[in-house]
Amino acid sequence: MPTYQTPSGPILGYEDVGHGPALLFLHAFPLHSEMWRAQLGLFSGERRVVAVDFPGFGMSPAAGPGLTLATHAKAVAELARHLGLAPFAAIGLSMGGYVALELASQAPELLSGLVLADSRAGADAPEGAAAREKMAARAEREGIGFVAGEMLPRLLAPSAEPDVVRFARRLIARASPQGVATAQRAMAARRDHHATLERLRVPALVLCGAEDALTPPAESARMASRLSLGRLEILPGGSHLSNLDAEDAFNRALVSFLDQ
Ligand code: MLT
């Protein structure tokens, strides 16, 4: 997996496969780019598909503690420019969606489309931000041993297939304590992006697992209602990591959006 030293600081690991119209996949917390392996396999026959690791996850080393979602997006935009990727459709799930919204705000000229899956455009309430600070401090103190146990019940429904749970657990095990701490603090400080959705001038798709308890369908409906060129699809049987536990429905929705 190649890495790129961005001018703004973070080193980003990324997959870059296939040729054709470009897609950029942005992962959920606390996983990494491998969560998109089914989508990379599906789309790389006809498209160029890039999947990035955020700092401290997958192959990206942790960056300084001061990273925000805006600086994540800045580094991702630098990588996209370095790779000559634009115009591309950005596809972000959850934290990946938060970064995609920052990207849409900072560098709309790079985008040909936007897919926000199991995400939200609002900022954290104070209790949510406090819970994130607790996880950040605990990861710094203890390492990430507790993270899978705490996150998995929120990421996947109790009915999730054991191999999906194992896959997610394996990906989470690759997170670094500093990555977990930095991402939690960055998410806690994120800004509201409903106005970004209103300004968006490219086609957009909002996806959400019907059983997503972490970013429920109501959040997705709220995002979709702000889009002039967007639509909402709720994925039956999907929970928060809907590209994993509602893979077929997720892929069908993505194919039909990208082919339109
Ligand atoms: C994610 O799935 O990226 C995160 O759990 C989202 C969040 O904590 O808000």
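Here is a walk through the ligand site, the open and enclosed spaces, and a few unusual backbone spots in this structure. Keep in mind that the model is predicted.

Let's start with the ligand. Its shell is made up of Ala-28, Phe-29, Ser-94, Met-95, Tyr-98, Arg-120, Arg-132, Met-151, Leu-155, Met-187, Leu-214 and His-240. Sorted by class, that shell has 8 nonpolar, 2 polar and 2 charged residues. Even so, there are polar contacts to look at. A ligand oxygen sits 2.7 Å from a polar backbone atom of Phe-29, and a ligand oxygen is also found 2.8 Å from a polar backbone atom of Met-95. Ser-94 joins in through its side chain, where an N or O atom is 2.8 Å from an oxygen of the ligand. As for cover, the ligand on its own would expose 270 Å², and the protein buries 98% of that. Two elements give two or more residues to the shell: helix 3 (95–106) and helix 5 (147–155).

Now zoom out a bit. The space the ligand takes up is the largest pocket, with a volume of about 500 Å³. Its lining counts 27 residues, and those nearest the centre are Asp-124, Gly-128, Arg-132, Arg-154 and Leu-214. Helix 3, helix 4 (126–142), helix 5, helix 7 (177–188) and helix 9 (217–224) each put two or more residues into this lining. Helix 4 has the largest share, at 6 residues. By class, the pocket lining splits into 12 nonpolar, 5 polar and 10 charged residues. Arg-132 and Leu-214 are worth highlighting in your viewer: both belong to the shell around the ligand, and both are among the residues nearest the pocket centre.

Next up is the second largest pocket, with about 170 Å³ of space. Its lining includes Pro-21, Ala-22, Leu-23, Arg-47, Pro-87, Phe-257 and Leu-258. The elements giving two or more residues here are strand 3 (22–26), strand 6 (111–117) and helix 11 (247–259). The class split of this lining is 8 nonpolar, 3 polar and 1 charged.

What about enclosed space? Rolling a probe the size of a water molecule over the atoms shows where empty space is left. Searching the whole structure turns up 1 cavity of 30 Å³ or more, and the largest cavity holds about 40 Å³. Among its lining residues are Leu-69, Leu-101, Glu-102, Arg-190, Arg-191 and His-193. Tyr-98 and Arg-120 also line the cavity, and these two appear in the ligand shell as well. Helix 3 gives the most to the cavity lining, with 3 residues. The lining has 4 nonpolar, 2 polar and 4 charged residues.

Finally, the backbone. Most residues other than glycine have a negative phi, and most peptide bonds are trans. With that in mind, check the bond joining Phe-29 and Pro-30, which is cis with omega about -5 degrees. Pro-30 is found in the loop between strand 3 and helix 1 (37–43). The bond from Ala-86 to Pro-87 is cis too, with omega near 0 degrees. Pro-87 sits in the loop between helix 2 (69–83) and strand 5 (88–93), and Pro-87 also lines the second largest pocket. Then there's Ser-94, in the loop between strand 5 and helix 3. Its phi is near 55 degrees, which is positive even though the residue isn't glycine. That brings us back to the ligand, where the side chain of Ser-94 makes its 2.8 Å approach to an oxygen.

Conventions:
Residues numbered from 1 in each chain as written. Predicted model: local features only at pLDDT ≥ 70, side-chain atom pairs only at ≥ 80, totals over all residues. Heavy atoms only, no water. Near = heavy atom within 4 Å. Polar contact = N/O pair within 3.5 Å; in protein donor to acceptor, adjacent residues only side chain to side chain. Areas by Shrake-Rupley, 256 points an atom, 1.4 Å probe, with all protein chains shown as cover. 1 Å grid on protein atoms, 1.4 Å probe; cavity = no way out; pocket = protein on both sides within 12 Å on 5 of 7 lines; lining within 4 Å. Sits in = over half its atoms within 2 Å of the grid points. Helix = DSSP H or I, 4+ residues; strand = E, 2+ residues; numbered from the N terminus. Nonpolar A, V, L, I, M, F, W, Y, C, P; charged D, E, K, R; others polar. Points joined across faces, edges and corners; volume = space filled by probe spheres on them.
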